[in-house]
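Here is a short note for anyone opening this structure for the first time. Please keep the 3D view open as you read, and follow the points in order.

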Amino acid sequence: MFIGNTLRTLIDFHKNEQRLLIQEKEHISLFCSQVFAIISLIMTVIFGVLMFFALPFFNVKYLLIYTISFFVFLVLTFLFRRVHVTKSLHYLPLVYTFVFYLYAFGIFASISSASGLGSHAASSVICLQIIFPLLIFDRSYRINLIFIGMYLMHSVLSYLFKDYSNFVLDMFNGAAFTLGGIIIGLYERYVRLSNFEKDRLLEHQKNTDMLTDLPNRRKLFERLTDIQESNGALAGLFMIDIDYFKIYNDTLGHLTGDQCLRTLGKCFAEFGEENDFEFYRYGGEEFCALTTKDTYDELREHAERLRRKVENLAMPFEQSERGVVTISIGFAPHYYTQNYEVTIKQADDALYNAKRTGRNCIFGSK
């Protein structure tokens, strides 16, 4: 019974961890970058101290080795920062390379100093068996197998280059530290991944309209501000209104009105994926859409396609002229003003004209 429950717990943990590692890539990447920056600073200080004391305490020849090692460390640090910023490659292999390099350097420092100052137990290197598993976000079984391999490698080298008493200390201390690193690493990784998920869900709730599942007005203005500050790509903007939605709500009830909004939210999301649009719920029965379409004719063509798509949903509405739910769209190019507040005003004015001229139509602002 105990073994069966333990196996089920491990299987559930593995599945949940795999899911979180896929979902939380953005948070993991940011965390790894922050941790890497801290490690880089600490290791720079450590290398500086080692190089300073290499000449009088170790041996002149080690000064060159430490200098070359520090150069390799700087190259790996630069590569990691570049990969993280450009995202041209997956950074995980480079993280492993960095960890292996630091661990190998720690073993070298231990063995080389022992040869000059007398054999001793390498407690500082063994401590890495607990520290490193906390710094890597990957499948737990892969991390654990790698660090067990590191422990075995260190034990073999300790046996070859140290006296028997210190080899025994290294072996038993290393086993304890490796086991501790595996247990603490599992817990720390799972807790942090769970916190990442909570943060993501809170961020989603804050920026998402829960009825339509579209980004909300708050997210719209954050997005527009980012675009304006970074000179990002935005060529046009739609303001969309559901025709006679107050009458629809009063006649069919708010539950039916909510279902209508959910259906339109799904329709807009599908249209956005197919045509490179970003849809937002602006408020009430109004929606907003951003696009990179860069000509007035393209904006008009896509506005008409969206209007027909909603009409073809054929959601019954007897009080409507068409007998179904329809929308009116006002659109405005953004490239004339490069100020999103002006563009919203132009699109809103165009929407007003569309409703004034009969609804279920589109109107553009030039």
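## A pair of helices, a sheet and two cores

1. Let us begin with two neighbours: α10 and α11 are oblique to each other. Their axes cross at roughly 135° and come within 6 Å. Because angles over 115 and up to 145 degrees fall in neither the perpendicular nor the antiparallel class, oblique is the right word here. On the α10 side, the residues that meet α11 are Phe245, Tyr248, Asn249 and Leu252, and their counterparts in α11 are His254, Thr256, Gly257, Cys260 and Leu261.

2. Stepping back, please remember that this is a predicted model. The protein has 13 helices and 5 strands. Of its 366 residues, 44% are buried. Taking contacts between residues at least 6 apart in sequence, 70% join residues at least 24 apart.

3. Now look along α11 itself, residues 254-275. How far apart are its end C-alpha atoms? They are 31 Å apart, which agrees with the 32 Å that 22 residues should span at 1.5 Å a residue. Just after the helix comes aspartate 276, with a positive phi near 60°.

4. Which residues of α11 are buried? They are Gly257, Cys260, Leu261, Leu264, Gly265, Cys267, Phe268, Phe271, Gly272 and Asn275. The spacing is worth a look, because an α-helix has 3.6 residues a turn, so residues three or four places apart point the same way. The buried residues of α11 pack against two helices and four strands: α10 (245-252) and α12 (296-312), together with β1 (236-242), β2 (277-283), β3 (286-291) and β4 (327-333).

5. The strands form an open sheet of 5, in the order β2-β3-β1-β4-β5, and the pairing is mixed. At the edges stand β2 and β5 (362-364); each has a single partner strand, so one side of each has no neighbour in the sheet. From one strand to the next the twist averages 20°.

6. Within the sheet, β1 and β3 run antiparallel and are joined by 6 bridges. Phenylalanine 238 stands opposite alanine 289 in β3. Helix α13 (residues 340-356) packs on the sheet and touches β1, β2, β3, β4 and β5, with its direction at about 145° to that of β4.

7. Turn next to the largest nonpolar core, which has 33 residues; Leu102, Phe132, Ile136 and Phe137 touch the most other members. Two or more residues each come from α1 (2-23), α2 (25-58), α3 (60-86), α4 (92-117), α7 (140-161) and α8 (164-207). The largest share, 11 residues, belongs to α4. Leaving aside residues up to four places away in sequence, isoleucine 136 touches Leu92, Val95, Tyr96, Val99, Ile143, Phe147 and Arg189. Another core, of 28 residues, lies apart from this one and includes Phe245, Leu306, Val310 and Phe317.

8. Finally, two loop residues deserve a glance. Most residues other than glycine have a negative phi. Aspartate 213, in the loop between α8 and α9 (217-230), has a positive phi of about 65°. Is aspartate 213 buried or exposed? Its relative accessibility is 54%, so aspartate 213 counts as exposed. Alanine 314 also has a positive phi, of about 55°, and sits in the loop between α12 and β4. With a relative accessible area of 44%, alanine 314 is partly exposed.

Terms used. Residues are numbered from 1 along each chain as its sequence is written. This is a predicted model: local features need pLDDT of at least 70, side-chain atom pairs count only at pLDDT 80 or more; totals for chains, interfaces and linings use all residues. Side-chain values use heavy atoms; hydrogens and water are left out. The expected span of a helix is 1.5 Å times one less than its number of residues. Buried means under 20% relative accessible area, exposed over 50%, partly exposed in between (1.4 Å probe, protein chains only). Contact means heavy atoms within 4.5 Å. Two strands pair if DSSP finds at least two bridges between them. Axes are lines fitted to C-alpha atoms, for helices over the stretch in contact, and angles run from 0 to 180 degrees between N-to-C directions. A nonpolar core is a set of buried Ala, Val, Leu, Ile, Met, Phe, Trp, Tyr and Cys residues joined through side-chain atoms within 4.5 Å. Angles under 35 degrees count as roughly parallel, over 145 as roughly antiparallel, 65 to 115 as roughly perpendicular and the rest as oblique.
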